[in-house]
Amino acid sequence: MPSFNQSIFRPTIFFLSGIPGFETYHAWIFIPFCCLYVVAISGNAMILFIIITESSLHEPMYYFLSMLSFTDLGLCLSTLVTMVGIFWFNTREISFDACVGQMFFIHGFTLMESSVLPAMAFDCYIAICNPLRYATILTNSRIIKVGFAIVVRGTTALVPLLLLLKRLSFCGSRVLHHSYCFHPDVMKLSWTVTKINSAFRLAIVISTAALDSILILLSYVLIIHSMLSIASSEEQKKAFGTCVSHISAVAIFYIPIISLSLVHRLGKHAPPLVHTLIANIYMLIPPVMNPIIYSVKTKQIRKAMFKIFLSKLI
C-alpha cells in the first residue's frame, strides 16, 4: 500500500482498486471480465454495423437502437484501459486530470443511455397507439434532432459538475473503491465542504434519470391503456412483443444504477468487495445484455446477422 502525504493538497495521483483481498489472482479474475468486454464490444459494434449497412433497417426503431448500442460501446471503452491496467499489469495509478476525463465519458454515456430509453419508449408508444402516423411523426430529421439533443444533454450537464470537483482539496487517502473513476467515490475523499457538489449532482439526477423514468412510465401507462382497448388477444400479444426488448433494456439499466447509488449512500460499512462487484455489474451488464436481448427478440436484427454470417462463410 502506498504511503500517503497527510497534508492538504490537490492530488496529482489517485489509486484505483481491483478486487480487495484477491490481488494475487487478478490476472485470472480478469478472464471472465475480459470475456464480458469482448461480448459487449463485439455485440454492440455488430448491431451498429448491421443497422448502418442494411437499408431495410433504416427505420426509427433501429436508429434508436443504434444510439443505445453507441452509448453502450462508449461506456465499455471508457473503463477498458484502467481495468486492463489494474488486473493484468497492476497499474493502479491514475492522474487527477485523467480521472476527471474518465468520469466525463463514463457519466456522459450513462446520461446519454438514460436519454435514449425514453426516446425508445416514445417510439413504442407511437408504433402501438398511432401506427398510421408513425412515419410522419418520427421523420429522419426529427430523429437527428433527438440524437443531437441526447448528446448535448449528456455532455453539457457534466461540465459544471466536473469543474466544481476540480476546485475541491483532498487529504489523507487517495484510494478509490472502484476500478474506474466514479464521481461520488472521488468526492468522498475530499476534506472540503461538498454541499454545492452534492446539490448540483442531485439536480442532474432529478433532471435526467428521474425525469426519464417518469417519461418511460407515462409512455407505458398510455401503451397499456391502448393495448386494453384492442379486442383481439393476438394483436395484444403482438403489441406486447414490441415492448419486451425495451422493457428488458430499461430493467438492466436502472436496477444496477439504483443498486450502486444505494450502496454508496447506505452501504458505508459494507465490505469493499461489495462496492467493487456492484460497480463492475453497473458498468458491464447493460452493454453485455442489450445486444443479446435485441438479437434474440428482434427478428430483423437476427435475419441480418444470419445474412452477414452466411455471406462470410460463402
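**Close-up views of a predicted model**

**View 1. Phe148 and its place in helix H5.** Phe148 is a residue of helix H5, shown here as it appears in a predicted model. Its relative accessible area is 58%, and Phe148 is therefore classed as exposed, the cut-off for that class being over 50%. Leu165 follows Phe148 at a sequence separation of 17 residues. In space, the C-alpha atoms of Phe148 and Leu165 are 26 Å apart.

**View 2. The packing of helix H5 with helix H6.** Two packed helices are described by the angle between their axes and the distance between the axes. Here the pair consists of H5, covering residues 140-156, and H6, covering residues 158-166. Their axes are 5 Å apart and form an angle of about 15°. H5 is therefore roughly parallel to H6, since angles under 35 degrees are assigned to that class. On the H5 side the contact involves Gly154, Thr155 and Thr156, and on the H6 side it involves Leu158, Val159 and Pro160. By residue class, this contact of H5 with H6 contains three nonpolar residues, three polar residues and no charged ones.

**View 3. The surroundings of Thr79 in helix H2.** Thr79 belongs to helix H2, which spans residues 60-89. With a relative accessibility of 1%, Thr79 is counted as buried, because the limit for that class is under 20%. The side chain of Thr79 forms a polar contact of 2.7 Å with the side chain of Tyr37. Which residues does Thr79 contact, once neighbours within four places in sequence are left aside? They are Tyr37, Gln102, Ile106, Tyr180 and Met283. Tyr37 thus appears both in the contact list of Thr79 and as the partner in its side-chain polar contact.

**View 4. Ser78, also in helix H2.** The position of Ser78 is within helix H2. Its relative accessible area is 15%, so Ser78 is buried. When residues up to four places away in sequence are not counted, Ser78 touches Gln102, Phe105, Ile106 and Phe109. Gln102 and Ile106 are named among the contacts of Ser78 and also among those of Thr79.

**View 5. Asp72 within helix H2.** Helix H2 also contains Asp72. Is Asp72 buried or exposed? At a relative accessibility of 0%, Asp72 is counted as buried. Not counting residues up to four places away in sequence, Asp72 touches Asn44, Glu113, Pro286, Pro287 and Asn290. Ala40 lies 32 residues from Asp72 along the chain, and the C-alpha atoms of this pair are separated by 7.8 Å.

**View 6. Val81 in helix H2 and Asn90 in the loop after H2.** Val81 is placed in helix H2. A relative accessible area of 65% means that Val81 is exposed. Between the C-alpha atoms of Val81 and Leu36 the separation is 14 Å, with their positions 45 residues apart along the chain. Asn90 is located in the loop between H2 and strand E2, which comprises residues 93-95. What is the phi of Asn90? The value is positive, about 55°, although Asn90 is not a glycine. Asn90 has a relative accessibility of 58% and counts as exposed.

**View 7. Two stretches recorded as transmembrane regions, with Leu217.** An unreviewed UniProt entry lists residues 25-51, 63-89, 143-165, 199-223, 244-267 and 273-296 under "transmembrane region". Over residues 25-51, the chain of the model is 96% helix and 0% strand, with its end C-alpha atoms 40 Å apart. Residues 199-223 are 100% helix and 0% strand, and here the end C-alpha atoms are 35 Å apart. Leu217 is situated in helix H8, which runs over residues 195-228. The relative accessible area of Leu217 is 57%, and the residue is therefore exposed. Leu217 and Ala121 are separated by 96 residues in sequence, while their C-alpha atoms are 8.8 Å apart in space.

Terms used. Residues numbered from 1 in each chain as written. Predicted model: local features only at pLDDT ≥ 70, side-chain atom pairs only at ≥ 80, totals over all residues. Heavy atoms only, no water. UniProt positions renumbered as here; feature names shortened; annotations may be inferred. Helix = DSSP H or I, 4+ residues; strand = E, 2+ residues; numbered from the N terminus. Buried < 20%, exposed > 50% of the residue type's maximum accessible area, 1.4 Å probe, protein only. Polar contact = N/O pair within 3.5 Å; in protein donor to acceptor, adjacent residues only side chain to side chain. Contact = heavy atoms within 4.5 Å. Axes fitted to C-alpha atoms, helices over the stretch in contact; angles between N-to-C directions. Parallel < 35°, antiparallel > 145°, perpendicular 65-115°, else oblique. Nonpolar A, V, L, I, M, F, W, Y, C, P; charged D, E, K, R; others polar.
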